[in-house]
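Q: I would like a close look at one part of this protein: its charged side chains and how they pair. Please start with the overall fold and then go to the details.

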Amino acid sequence: MTLLLAAVTLVSGCGSIISRTVPGQGHGNQYYPGVRWDVRDGPWRALTIIDLPLSAVMDTLLLPVDIHHGPYE
């Protein structure tokens, strides 16, 4: 249980961070790129679905930045 809690804490908002910082991971999405990154198909889909609510909160907080930034490539 402790390991699961630690894993969830470490990946909290992970989709939001990855989509904004790793080139090519934003897939051209300007708004809510972390949420869109979390719902993509892939081998880690089960883990990224757990991260989805946390990425939604992080993307909402970063919405003013995204408005001025433009699409993430």
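What percentage of the 73 residues in the protein chain do buried residues make up? And which side chains meet in a salt bridge with Arg20?

A: This is a predicted model. Buried residues make up 29% of the 73 residues in the protein chain. The secondary structure comes to five helices and zero strands. From the N terminus on, the elements run α-α-α-α-α. Take the contacts in the chain with a separation of 6 or more: 61% of them are between residues 24 or more positions apart.

Now the charged side chains. The structure holds two salt bridges. One joins the side chains of Arg20 and Asp59, at 2.7 Å from N to O. Arg20 lies in helix α2 and Asp59 in helix α4, so this pair ties together parts that are 39 residues apart in sequence. The other salt bridge joins Asp66 and Arg20, at 2.6 Å from N to O. This pair also links distant parts of the chain: Asp66 is in helix α5, Arg20 is in helix α2, and 46 residues separate them. Shared partners join Arg20, Asp59 and Asp66 into one network of salt bridges. As a general point, side chains of opposite charge can pair when their charged atoms come close.

Next, burial in this network. Arg20 has 18% relative accessibility, so Arg20 counts as buried. The cut-off for buried is under 20% relative accessible area. Asp59 is buried, with a relative accessible area of 0%. Asp66 is buried as well, and its relative accessible area is also 0%.

Asp51 makes a useful contrast. Asp51 lies in helix α4, which covers residues 45-61. Asp51 is buried, yet has no salt bridge. Its nearest side chain of opposite charge is Arg40, 8.1 Å away. A salt bridge needs a nitrogen and a carboxyl oxygen within 4 Å, so a gap of 8.1 Å does not qualify. Asp51 does have a polar partner: a contact of 2.7 Å joins its side chain to that of Ser55.

Arg40 has a ring to consider. The charged end of Arg40 sits over the ring of Trp37. The distance to the centre of that ring is 3.6 Å. Ring-to-ring pairs are another matter: the count of aromatic pairs comes to zero. Such a pair would need ring centres within 6.5 Å.

Two further places deserve a look. Tyr32 is in the loop between α2 (14-21) and α3 (33-38). Phi of Tyr32 is near 55°, a positive value in a residue other than glycine. At 27% relative accessibility, Tyr32 counts as partly exposed. The neighbouring entry in this loop region to check is Tyr31, whose C-alpha atom is 9.8 Å from that of Pro64. Tyr31 and Pro64 are 33 residues apart along the chain. Pro64 lies in helix α5, which covers residues 63-69. At 49% relative accessibility, Pro64 counts as partly exposed.

To return to the request: Arg20 meets Asp59 in one salt bridge and Asp66 in another. Asp51 is buried without a salt bridge, but its side chain has a polar contact with Ser55.

Technical notes. Residues numbered from 1 in each chain as written. Predicted model: local features only at pLDDT ≥ 70, side-chain atom pairs only at ≥ 80, totals over all residues. Heavy atoms only, no water. Helix = DSSP H or I, 4+ residues; strand = E, 2+ residues; numbered from the N terminus. Buried < 20%, exposed > 50% of the residue type's maximum accessible area, 1.4 Å probe, protein only. Phe/Tyr/Trp six-rings, centres within 6.5 Å; stacked < 30°, edge-to-face > 60°. Lys NZ or Arg CZ within 6 Å of the ring centre and 35° of its normal. Lys, Arg positive; Asp, Glu negative; His and termini not counted. Polar contact = N/O pair within 3.5 Å; in protein donor to acceptor, adjacent residues only side chain to side chain. Contact = heavy atoms within 4.5 Å.
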